[in-house]
Each structure stands twice: as C-alpha cells, then as structure tokens.
Amino acid sequence: MTEAALAAAGVDSYLSKEARQQPQWPDTAALRRATDRLTQVPPLVFAGEADRLRAQLAAASRGEAFVLQGGDCAEIFAEATADRIRNKIKTILQMAVILTYGASTPVVKIGRMAGQYAKPRSSDTETRDGVTLPVYRGDIVNSSGFTEEERVPNPERLLDAYHVSASTLNLIRAFTQGGFADLRRVHQWNKGFAANPAYAKYEQFAKEIDRAVRFMAAAGGDFDALKTVELFSSHEALLLDYERSLTRIDSRSGLAYDCSAHFLWIGERTRQLDGAHVEFLSKVHNPLAVKLGPTATAADAVALAERLNPDNVAGRLTFVARMGADKVRDALPSIVEGVRDSGVTVTWLTDPMHGNTFTSDSGYKTRKFDTILDEVTGFFEVHEALGTVPGGLHVELTGDDVTEVLGGTERIDDEGLARRYETKVDPRLNHQQSLEMAFLVADLLARHNARKSQDVDELA
C-alpha cells in the first residue's frame, strides 16, 4: 500500500530525469535487494518533526530566529562513536548558547549528522601512481582506501548507512533530551578540552548565564524550557537510491516525506532545474535547501523556488549562499534582490566553507579561518544593505581538536596541518575555531538586530 501511495504521489517522476553524481553500481541485483530492504525499515525521522522544523525556519526567514547548521563534511562510519557524536553535539550547543545569549535570538539547531555519507565529486575516477580507480564517493558508496576492492560501489553500504544513522540519531536524542543539554550545565560542556582564549571567553558567557539562571530560580522561574533542546538532522540529498527508499507517506496527511532526515539540501552540482534531484525533492514535503554558488543568478533562484515551493510556504525553502569571500559582496546582492523583488519567501543561510578551499604548499586541502569569517561578514553586509534577513549559518565543523583549517587563535600554519589532519574529503573547523566563529556571528547578529530595532523605533 505504501509503495502504491508513493507512486500515486508522483515521487518516481525523477526517474525520467538526468541524475548527476550517482555511482555506477556494478551489481544491479544487489542494489535492488538493498533498496527493497530500505523500503521496509522504520523511518529515521517523522513527518511531524519535519513540520516543526519548517515552522522554525519560517521564523528565521522573518528574523525571529537564527539557524545554526553544522557538522562533518562527510561522516565516516567508523567515527560514529559516542565520544565523537557527543563532542559534535557539545560544539553545536556551545555555539547556540553563544548566539542566543550574545544576540538575544532563538537558535534553530540542525546537525549535518546521521546521513551525510555521500559526497559529490569533480571526477568519476582517481589516479595514483598510474593506477586509476573509481573515486571515493563517501562511506555510503565505497571506501576511501585505494584498492580496487575498496573502491567498487557496494549497495550493502546503503543498509550500513541506515543503521549507523539510526544509532547516531538515538545518541542525539539521548544527549539532547536526557539532561545533557540542560542549559544549567553550560560549564560542563567545556570539560575535556584544552584551555585557550575561545574557551576562556565561553566560560565568561557561562558564568553570566549561570547568574541569570540563579536569578530566575529566585524569582520562581520555570526551567522546563532549559532542560532539553531539539537538534534536527540534515544532509545533502545526493544518492537518490537511498533517498527514494526512505521516503514514506505520512499517515496524518497522506503526503510524501523523505524520512532519511528532517532537512535535505540540493548541492551546487545537482541543482539543475530539469534534473532528477530537483524533481525528486519537489515531490516530498520536508523543508528543503538549495546551495547557490557564484554562477547562480536571480532567475535561477526564482525558478528553483517556483519548482520547489510553488505555494510560497514560509520555511519550506532555504537558499544557502556559498560564494567565496572574494565574490560574496559582488555576486550575492543581485540574487538576494531578485528573490526579494519577486515576492519569494525564503530563508537565507551562508555557507562560508565551500567557496574558500585551496591546496596548501604542503599538499593539504584547506581553508583560511580569516577568509571564512570574511565571507560571513560579507553575507551580513549584503543583507543589511538590501533590508533582507541574514537567516543563518551553514558550516562544516567537528567537535574534535583537528588541524584542518589554517589560522584562528591557535594560529594553525601550513606545517601545523599535519599534526591532526583527519578529514577524508573537506577541511573542517575544529572545536575552538567553531566557538570563535560563533562569537563573531553573535556580534554581527546583535548589531543587525540593534539596527533593525532602531529602524522600527524611528518609524514609530
């Protein structure tokens, strides 16, 4: 009945479109067995949760909240341990506290977690020392090891991705609902990390929050809202065999939802208006995002909005700008202005990571922390000039003390990258750099909110 209902909902219309960035599965029978199994497993998330996120994203589109979306560039099965997941959650919670307290703004918390296992690549193959093999497309497809056996796309990994995602979501829910995320524990979230300037500044924030909480307790305040947080899951909806297999019909509404995550996005490489990714996601009712790079135009954005959000529902569609620090101030204004003038309702996020990647002299794929911060600043400047809303931040980060991004108060240099460079794909902010970014964004957001309040006062 479910598959018949999905067919009736038109979710398979994408099959007639070109699907880019898909692996070449060598065993189609094994693929069918894996996807058939995935159509029978319980959903990873529920439609009602996705609906709650849509309402919160709608608030962010109006400037009533701010979105913080963070996590690994590409999750690794072997790294889905309790300690690593907890550290990521702690980092997101700490960043959210900084933003909430520093800018007096509610924060919508979304993890690039429990599903970010597939990655788009610029080539189908990789050559080393004269040997050419299929490119690593993420743990959901193949292994990063450079042998023929490891690089062959294996459909059994689709099931592995489901099970690892399920265990990750179980831990996320346990940590965020079981007392770990209680705002009265803000000091404890810093334990286990080495002392440095970012943590010292965080501790000062924590003391001020602690003092405010004690005042509220003395005044008879209700702490229920402080005890838990809701952390939504998200990933790029890249591997269509996986996404389609986890799509379900909501028993309440009869609508189709992709139950692999609450929030799904279409990448810069797969946002073709006539492509399979846009077609597929147009048929599910999750809140969605599209990455827009410097080649995007206002016409592209408006056309995508008309396809993905024809009813112009607030919170349904998010645009994530990933321009590069050297282009954001020139490329983004015309797009934002065109979307604004068309009447499209959208939440704007900045991804300051993907447009600022380069290879260091020592051969590491990296980014400069100052350049990342400059793109965030440019994003705010564009929205300030146009009177639109800078709705949030989309960033690749880890809760561990890796050395993958140059700079920060630790002053990681080219030589220092080798100390703990662990990513299999793109470089991530470490825990300290993530907190440093949160302080900068909190300051930008506080100034934006202050100017907005001043404008309202002057109109009154």
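Here are some worked exercises on a predicted model, going from its barrel to a helix contact and then to its empty spaces.

**Exercise 1. The barrel**

Task: Work out which strands make up the closed barrel, and how they pair.

Solution:
- Step 1. Go round the strands in order: the barrel runs β1-β2-β5-β8-β9-β10-β11-β14, which gives 8 strands with parallel pairing.
- Step 2. Check the twist, which averages 25° from one strand to the next.
- Step 3. Now see what packs on the sheet. Helix α13 (residues 369-386) does, and it touches β1, β10 (317-321), β11 (347-350) and β14 (392-396). The direction of α13 makes about 150° with that of β11.
- Step 4. Zoom in on one pair of neighbours. Strand β1 (residues 66-71) and strand β2 (residues 107-112) run parallel and are joined by 6 bridges. For a concrete example, take G70, whose bridge partner in β2 is G111.

**Exercise 2. Two helices side by side**

Task: Decide how α2 is oriented relative to α6, and say which residues make the contact.

Solution:
- Step 1. Start with the axes: those of helix α2 (residues 28-38) and α6 come within 8 Å of each other, crossing at roughly 25°.
- Step 2. Angles under 35 degrees count as roughly parallel, so α2 is roughly parallel to α6.
- Step 3. List the residues. On the α2 side you'll find L31, A34, T35, R37 and L38, while α6 brings L158, L159 and Y162.
- Step 4. Sort them by class, and you get 6 nonpolar, 1 polar and 1 charged.

**Exercise 3. Closed-off space**

Task: Find the cavities, then describe what lines the largest and the second largest of them.

Solution:
- Step 1. Search the whole structure with a floor of 30 Å³, and 4 cavities turn up.
- Step 2. Take the largest cavity, with about 100 Å³ of space. Its lining has 14 residues, and those nearest the centre are D72, E75, E79, A80 and K88.
- Step 3. Ask which elements give two or more residues to that lining: they are α4 (82-103) and α6 (156-177). The largest share is from α4, with 3 residues.
- Step 4. Split the lining of the largest cavity by class: 7 residues are charged, 5 nonpolar and 2 polar.
- Step 5. Move on to the second largest cavity, at about 50 Å³. Its lining is D72, A74, I76, E79, E422, T423, K424 and R428. Of these, 5 are charged, 2 nonpolar and 1 polar.
- Step 6. Compare the two lists. D72 and E79 are among the residues nearest the centre of the largest cavity, and D72 and E79 also line the second largest one.

**Exercise 4. The largest pocket**

Task: Which residues lie closest to the centre of the largest pocket, and which strand gives the most to its lining?

Solution:
- Step 1. Begin with volume: the largest pocket holds about 670 Å³ of space.
- Step 2. Look to the centre. There are 30 lining residues, and P120, R121, K365, V425 and D426 are the closest to it.
- Step 3. Pick out the main contributor: strand β3 (residues 125-128) gives the most, with 3 residues.
- Step 4. Finish with the classes, which come to 15 charged, 9 polar and 6 nonpolar residues.

Conventions:
Residues are numbered from 1 along each chain as its sequence is written. This is a predicted model: local features need pLDDT of at least 70, side-chain atom pairs count only at pLDDT 80 or more; totals for chains, interfaces and linings use all residues. Side-chain values use heavy atoms; hydrogens and water are left out. On a 1 Å grid over the protein atoms alone, a cavity is a set of points where a 1.4 Å probe fits but cannot get out, and a pocket is an open set with protein on both sides within 12 Å along at least five of seven lines; lining residues have an atom within 4 Å of a point. Grid points are joined across faces, edges and corners, and a volume is the space filled by probe spheres set on the points. Helices (H or I, at least four residues) and strands (E, at least two) are DSSP runs, numbered from the N terminus. Ala, Val, Leu, Ile, Met, Phe, Trp, Tyr, Cys and Pro count as nonpolar, Asp, Glu, Lys and Arg as charged, and the others, Gly among them, as polar. Two strands pair if DSSP finds at least two bridges between them. Axes are lines fitted to C-alpha atoms, for helices over the stretch in contact, and angles run from 0 to 180 degrees between N-to-C directions. Contact means heavy atoms within 4.5 Å. Angles under 35 degrees count as roughly parallel, over 145 as roughly antiparallel, 65 to 115 as roughly perpendicular and the rest as oblique.
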